[in-house]
Amino acid sequence: MIGILGGTFDPIHFGHLRTALEIAEGCGMEQVRFIPGSIPPHRPQPVASAQQRLDMVQLAIADETQFVADSRELDRAGESYTVTTLQSLRDDFGDEVPLAFIMGMDAFLSFRRWHRWQDIMQMAHLVVMHRPGYEPDVSEWHGSSHVQQHCELQQSPAGRIAFQSVTQLAISATFIREASRDGHNLRYLLPEPVRAYIAAHDLYTTR
Ligand code: ATP
């Protein structure tokens, strides 16, 4: 099974990395692909450039062979919708391999407003990880045959939703950017090579 973690990664931090590792182990994933997203022009733009966000992902996962940096959303011109990304992964890996799109509870709470969410579920499983500050709310899914309590997704390529507990790390990229602007030390919130990259490129210093 291939896990997919999409995000802005502005910057990537231990809240992404530790949880992705626990999900990979808990759900039996051979690989997790980290896919930095391009942001549509009408939305607030990330502070770091697309290349810098990709560089930071690569630095963060360099030692972990299960983790792969995937630049397909940045390589494609225009808006990147999850459904298009999943189609491109299906083109590369075929229709049979189980794909699991990993997201935090914050992202899941608005999932039914995502572009073509039903098609997303036809192309991948969802693995939802609990995140501090976001109460699990599955009322919209109550009684849905798609939902399972344990992460057993190997039997089919797509279509199920699993909720997975992970070590709760109340780290966010927003917090890191603000801490940096306030002149605080970022050590131990994110991998050291990423911290050094931020310092070397003078990222997140101005408001
Ligand atoms: P920002 O603060 O800029 O919104 P973020 O820290 O939420 O950023 P993203 O790149 O937007 O990071 O997140 C990518 C994915 O990782 C999302 O599905 C999000 O829910 C999840 N995620 C991020 N941080 C955590 C965390 N600490 N615990 C669990 N899931 C997380």
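These legends go with a set of close-up views of one predicted model.

**View 1. A look into the second largest pocket, with a volume of about 190 Å³.**
Thirteen residues may sound like a lot to keep track of, so start in the middle: of the 13 residues lining this pocket, Leu17, Ala60, Ile61, Asp63 and Pro191 are the ones nearest its centre. Two elements give two or more residues each to the lining, namely helix H1 (14-27) and helix H2 (50-61). Which of the elements gives the largest share? That is H1, with 4 residues. As for chemistry, the lining has 10 nonpolar residues and 3 charged ones, with no polar residues at all.

**View 2. Arginine 131 and aspartate 106 joined by a salt bridge.**
The model holds 9 salt bridges in total, and here is one of them: the side chains of arginine 131 and aspartate 106 meet with N and O 3.0 Å apart. The two partners come from distant parts of the chain, 25 residues apart. Look for arginine 131 in the loop between strand S5 (125-129) and strand S6 (147-148), and for aspartate 106 in helix H5 (residues 105-108). Are these side chains buried, exposed or something in between? Arginine 131 is partly exposed, because its relative accessible area is 25%. Aspartate 106 also lands in the partly exposed group, at 26%.

**View 3. Arginine 116 paired with aspartate 119.**
In this salt bridge, the closest N and O atoms sit 2.7 Å apart. Arginine 116 has a relative accessible area of 44%, so it counts as partly exposed. Aspartate 119 is partly exposed too, because its value is 29%.

**View 4. Arginine 187 reaching glutamate 192.**
How far apart are the closest N and O atoms in this salt bridge? They are 3.5 Å apart, and that still counts, because the cut-off is 4 Å between a side-chain nitrogen of Lys or Arg and a carboxyl oxygen of Asp or Glu. Arginine 187 is partly exposed, with a relative accessible area of 37%. Its partner, glutamate 192, comes in at 34% and is partly exposed as well.

**View 5. A network of salt bridges with four members.**
Here the view moves from a pair to a group. Which residues are linked in the network? They are Arg33, Asp70, Arg72 and Asp92, all tied together by salt bridges.

Technical notes. Residues numbered from 1 in each chain as written. Predicted model: local features only at pLDDT ≥ 70, side-chain atom pairs only at ≥ 80, totals over all residues. Heavy atoms only, no water. 1 Å grid on protein atoms, 1.4 Å probe; cavity = no way out; pocket = protein on both sides within 12 Å on 5 of 7 lines; lining within 4 Å. Points joined across faces, edges and corners; volume = space filled by probe spheres on them. Nonpolar A, V, L, I, M, F, W, Y, C, P; charged D, E, K, R; others polar. Buried < 20%, exposed > 50% of the residue type's maximum accessible area, 1.4 Å probe, protein only.
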